[in-house]
Amino acid sequence: MTTATAELLTVPEVMARLKLGRSTVYDLIRSRRLTSITIGRSRRVPADALLDFIAREIEEAA
């Protein structure tokens, strides 16, 4: 397992990387466009899921 695959990002980290607000990130998670997991009461986004999301968005925009 590589470092990128093992890395889990918090919602604020995803917000910072995508330059989006909290509600937008949660909307992406709710609509299942951005994969996430719940650990206890914490929501985490795998780093590779974020990269996949970005790649899909770029592909759709092209």
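Guide: Helices here are DSSP runs of H or I with at least four residues, strands are DSSP runs of E with at least two, and both are numbered from the N terminus. Keep in mind that this is a predicted model. With those names in hand, R32 can be placed in the loop between α3 and β2 (37-39).

Visitor: Why is R32 called exposed?

Guide: Exposed takes over 50% relative accessible area. R32 has 74%, so the label fits. Its backbone deserves a look too: R32 has a positive phi of about 65° although it is not a glycine. As for where this loop residue sits relative to the start of the chain, the C-alpha atoms of R32 and A6 are separated by 20 Å, with the two positions 26 residues apart along the chain.

Visitor: What is the phi of K19 like, positive or negative?

Guide: Positive, about 60°, and K19 isn't a glycine either. K19 belongs to the loop between α2 and α3. With 72% relative accessibility against a cut-off of over 50%, K19 therefore counts as exposed.

Visitor: How do you know whether S36 is buried or exposed?

Guide: Buried needs a value under 20%. S36 comes in at 17%, so it is buried. And yet S36 is a loop residue, found between α3 and β2.

Visitor: What does S36 touch?

Guide: Leaving out residues up to four places away in sequence, S36 touches I29, R43, R44, V45 and P46. With R43 there is also a polar contact of 2.9 Å between the side chains, inside the 3.5 Å limit for such a pair.

Visitor: And E57, why is that one called partly exposed?

Guide: The in-between class covers what is neither under 20% nor over 50%. E57 has a relative accessible area of 27%, so partly exposed is the right term. You'll find E57 in helix α4. From E57 to A47 the C-alpha distance is 16 Å, for 10 residues in sequence.

Visitor: What makes α2 and α3 roughly perpendicular?

Guide: Their axes come within 9 Å and cross at roughly 105°. The range for roughly perpendicular is 65 to 115 degrees, so this pair qualifies. On the α2 side the contact is made by V11, P12, V14 and M15, and on the α3 side by R22, V25, Y26 and I29.

Visitor: How do you know that β1 and β3 pair?

Guide: Pairing asks for at least two bridges. Strand β1 (residues 8-10) and strand β3 (residues 42-46) have three bridges and run antiparallel. One to look up is L9, whose bridge partner in β3 is V45.

Visitor: How many bridges join β2 and β3?

Guide: Three, again in the antiparallel sense, against a requirement of at least two. Here I37 stands opposite R44 in β3. The two strands form a hairpin with two residues between them, and G40 in the turn has a positive phi of about 65°.

Visitor: In what order do the strands form the open sheet?

Guide: The order is β1-β3-β2, with antiparallel pairing.

Visitor: What makes β1 and β2 the edge strands?

Guide: Each of them pairs on one side only. Neighbouring strands in this sheet are turned by 45° against each other on average, direction ignored. Helix α2 lies across β1 and β3, running at about 85° to β1.

Visitor: Which residues have the most contacts inside the largest nonpolar core?

Guide: V14, V25, I29, L34, V45 and L50, in a core of 14 residues. The elements giving two or more residues to this core are α2 (11-18), α3 (22-30) and α4 (47-61).

Visitor: What does V25 touch?

Guide: V25 touches V11, V14, M15, L20 and L34, again leaving out residues up to four places away in sequence. Two strands of the story meet at this residue: V25 is on the α3 side of the α2 contact, and V25 is also listed among the residues with the most contacts inside the largest core.

Notes
Residues numbered from 1 in each chain as written. Predicted model: local features only at pLDDT ≥ 70, side-chain atom pairs only at ≥ 80, totals over all residues. Heavy atoms only, no water. Core = buried A, V, L, I, M, F, W, Y, C linked by side-chain atoms within 4.5 Å. Buried < 20%, exposed > 50% of the residue type's maximum accessible area, 1.4 Å probe, protein only. Contact = heavy atoms within 4.5 Å. Polar contact = N/O pair within 3.5 Å; in protein donor to acceptor, adjacent residues only side chain to side chain. Axes fitted to C-alpha atoms, helices over the stretch in contact; angles between N-to-C directions. Parallel < 35°, antiparallel > 145°, perpendicular 65-115°, else oblique.
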